[in-house]
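Me: Here is a protein I would like to understand better. Could you pick a single part, take a close look at it, and tell me how it sits in the whole?

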Amino acid sequence: MEKSENSEKTPFIEITHHAYKRAKERYQWPAKVLDKMAEKAYFNGIKHSQAKGSFKKYLDKLWHQHKHTNNIRIYGEDIYFFTGNLLITLYQLPNNMRKHTKRCK
């Protein structure tokens, strides 16, 4: 499949300067790594609606703290905060919540 065909079928993921700064600060990721991880999180990550129990309560709390976002995705051990297809920021999932991601898949 050519890139032009692929880009027409999937939304383009945009990333804020703030998200790049946080990825560098929190993970030491260069921009190219964040580009790939943001795309994977957006398309393959666990959605807020898929969470249950204490994991859902934790994500609900984050949802209310980040009112400017409308799309939370969990991918690997990280939480990605999107507004539409724009990545705003990302955090590392706390150790006590990591086990819950396996149950949501």
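Reply: The protein chain has an accessible surface of about 6900 Å², and carbon and sulfur atoms account for 51% of that. Please keep in mind that this is a predicted model. Of the chain's 105 residues, 39% count as buried. If you look at contacts between residues at least 6 apart in sequence, 54% of them join residues at least 24 apart. The chain has 5 helices and 5 strands, and along the sequence they follow the pattern α-β-α-α-β-α-β-β-β-α.

The part I would pick is the sheet, with strand 3 as the place to start. The 5 strands form an open sheet in the order 1-5-4-3-2, with mixed pairing. Strand 1 and strand 2 (46-47) are at the edges with a single partner strand each, so each has one side without a neighbour in the sheet.

Now to strand 3 itself, residues 71-75. Of its 5 residues, 4 are buried, so strand 3 is largely enclosed by the rest of the structure. Toward strand 2 it makes an antiparallel pairing with 2 bridges, in which Lys 47 has Arg 73 as its bridge partner. Toward strand 4 the pairing is also antiparallel, this time with 5 bridges. Ile 72 is placed opposite Phe 81 there, and Ile 74 opposite Ile 79. Strands 3 and 4 make a hairpin with 2 residues between them, and Gly 76 in the turn takes a positive phi of about 65°.

Arg 73 has a second role to look at: its charged end sits over the ring of Tyr 42, 5.3 Å from the ring centre. Tyr 42 in turn belongs to a cluster that ring pairs make with Phe 43 and Phe 82.

That brings us to the aromatic side of the story, since the structure holds 4 aromatic pairs. One of them joins Phe 81 and Tyr 91: the ring centres are 5.5 Å apart and the planes are at 85°, so this pair is edge-to-face. It links distant parts of the chain, with Phe 81 in strand 4 and Tyr 91 in strand 5, 10 residues apart. The two partners differ in exposure: Phe 81 is buried at a relative accessible area of 0%, while Tyr 91 is partly exposed at 28%.

A helix also packs on this part of the structure. Helix 2 (residues 17-27) has Ala 19, Arg 22, Ala 23 and Tyr 27 as its buried residues. Viewed down the helix axis, these residues fall within an arc of 100°, so they line one face of helix 2. They pack against strand 1 (14-15), strand 4 (78-83) and strand 5 (86-92), and also against helix 3 (31-44).

The end of helix 2 is worth a look too. Just after the helix, Gln 28 takes a positive phi of about 60°. On either side of that position, Tyr 27 and Trp 29 form a stacked aromatic pair, 4.5 Å from centre to centre with 20° between the planes. Both Tyr 27 and Trp 29 are buried.

To put it together, strand 3 is bridged to strand 2 and to strand 4, while the buried residues of helix 2 pack against strands 1, 4 and 5. If you want one residue to begin with on screen, try Phe 81: this residue stands opposite Ile 72 of strand 3 and pairs edge-to-face with Tyr 91.

Key: Residues are numbered from 1 along each chain as its sequence is written. This is a predicted model: local features need pLDDT of at least 70, side-chain atom pairs count only at pLDDT 80 or more; totals for chains, interfaces and linings use all residues. Side-chain values use heavy atoms; hydrogens and water are left out. Buried means under 20% relative accessible area, exposed over 50%, partly exposed in between (1.4 Å probe, protein chains only). Contact means heavy atoms within 4.5 Å. Accessible areas come from the Shrake-Rupley method with a 1.4 Å probe; for residues, only the protein chains shown count as cover. The arc is that of the directions from the helix axis to the C-beta atoms. Rings of Phe, Tyr and Trp (its six-membered ring) pair if their centres lie within 6.5 Å; planes under 30 degrees apart count as stacked, over 60 as edge-to-face and the rest as tilted. A charge sits over a ring if NZ of Lys or CZ of Arg is within 6 Å of the ring centre and within 35 degrees of the ring normal. Two strands pair if DSSP finds at least two bridges between them.
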